[in-house]
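Visitor: I should like to learn how to read a protein model. Where might one begin?

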Amino acid sequence: MERKNNIILIGFMGVGKGTTARALVKASDYFAIDTDDLIESIEKRTIKKIFKKEGEAYFRNLEKKCALWLEKNVDNTIISTGGGFFRQENIHNIGKVIYLESSFEGILRRINKSPNAKAKLRKRPLLKDLKEGKKLYEQRVEDYKKVADVIVNVEDKDIEDIVKDILGKI
Ligand code: S3P
């Protein structure tokens, strides 16, 4: 299948994939969707509840279904993703993969700047324990780079600069 004209934002939890997608919509003709939002809406419950009630494997299966649906049905769209979505085998058929890169410490700085930092940590089951979160980051960081078509460093950057950087590279 020919690759679609979507822009897929990947990266670790809290790096700003959703924020970046929303800013890109304002700065371009693109519209955006978010894989976690799609899953929450079809399940009519939060990711946190899905993890708690059904476990991670159930959630990953929904992500896989979502990835197959995106490949078949979505085009010309910015797609922000959950932090584990980059493992989907068909990701390159969906579109151009942009990795939002930051150190783990940079991500924590970004989260802690937010007025609802606690809620941001609470809603992410895999970031509840920061030591575990850092381990997961370290397990994934090289793989994010391998999957990426484009790497955009976002650490301590203003959203305007991130948007400019991405628009210049797509
Ligand atoms: C996950 C990241 C979350 C969400 C789920 C699992 C992960 O999305 O999909 O909690 O495996 O990294 P965000 O990256 O938007 O927090």
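Guide: Let us begin with burial. A residue is called buried if 20 or more other C-beta atoms lie within 10 Å of its own, exposed if 12 or fewer, and partly exposed in between. Please keep in mind that this is a predicted model.

Visitor: Is K17 buried or exposed?

Guide: K17 counts as buried because it has 27 C-beta neighbours inside 10 Å. This residue is found in helix 1. Leaving aside neighbours within four places in sequence, K17 is in contact with L9, G11, S80, T81 and L100.

Visitor: Why does R140 count as partly exposed?

Guide: R140 has 18 other C-beta atoms within 10 Å, so it falls in the class between buried and exposed. R140 lies in helix 8.

Visitor: Which residues have the most contacts inside the largest nonpolar core?

Guide: A nonpolar core is a set of buried residues of certain nonpolar kinds, joined through C-beta atoms within 7 Å. Here the largest such core has 33 residues, and I8, L9, I10 and I98 have the most contacts inside it. Several elements each supply at least two residues of this core, including strand 1 (6–10), helix 1 (17–27), strand 4 (95–101) and helix 8 (130–147). As an example of the contacts, I8 touches I79, T81, I91, I94, G95, K96, V97 and I98, residues up to four places away in sequence not being counted.

Visitor: Which residues are around the ligand?

Guide: They are M13, K17, D36, I47, G82, G83, G84, R124, P125 and L126. By character, this shell divides into 4 nonpolar, 3 polar and 3 charged residues.

Visitor: What does D36 touch?

Guide: D36 lies in helix 2 (residues 35–43). Apart from neighbours within four places in sequence, D36 is in contact with I47 and G82. D36 is buried, because 23 other C-beta atoms lie within 10 Å.

Visitor: Which positions does the UniProt annotation "binding site" cover?

Guide: An annotation is a statement taken from a record, and it may be inferred rather than shown by experiment. In the unreviewed UniProt entry, "binding site" covers G14, V15, G16, K17, G18, T19 and R124. The entry also gives this annotation to D36, R60, G83 and R140.

Visitor: Where is G14 placed?

Guide: G14 is in the loop between strand 1 and helix 1. G14 counts as buried because it has 24 C-beta neighbours inside 10 Å. Beyond four places in sequence, G14 is in contact with I107, R110, I111, K120 and L127.

Note on methods
Residues numbered from 1 in each chain as written. Predicted model: local features only at pLDDT ≥ 70, side-chain atom pairs only at ≥ 80, totals over all residues. Helix = DSSP H or I, 4+ residues; strand = E, 2+ residues; numbered from the N terminus. Contact = placed C-beta atoms within 7 Å. Near = placed C-beta within 6 Å. Nonpolar A, V, L, I, M, F, W, Y, C, P; charged D, E, K, R; others polar.
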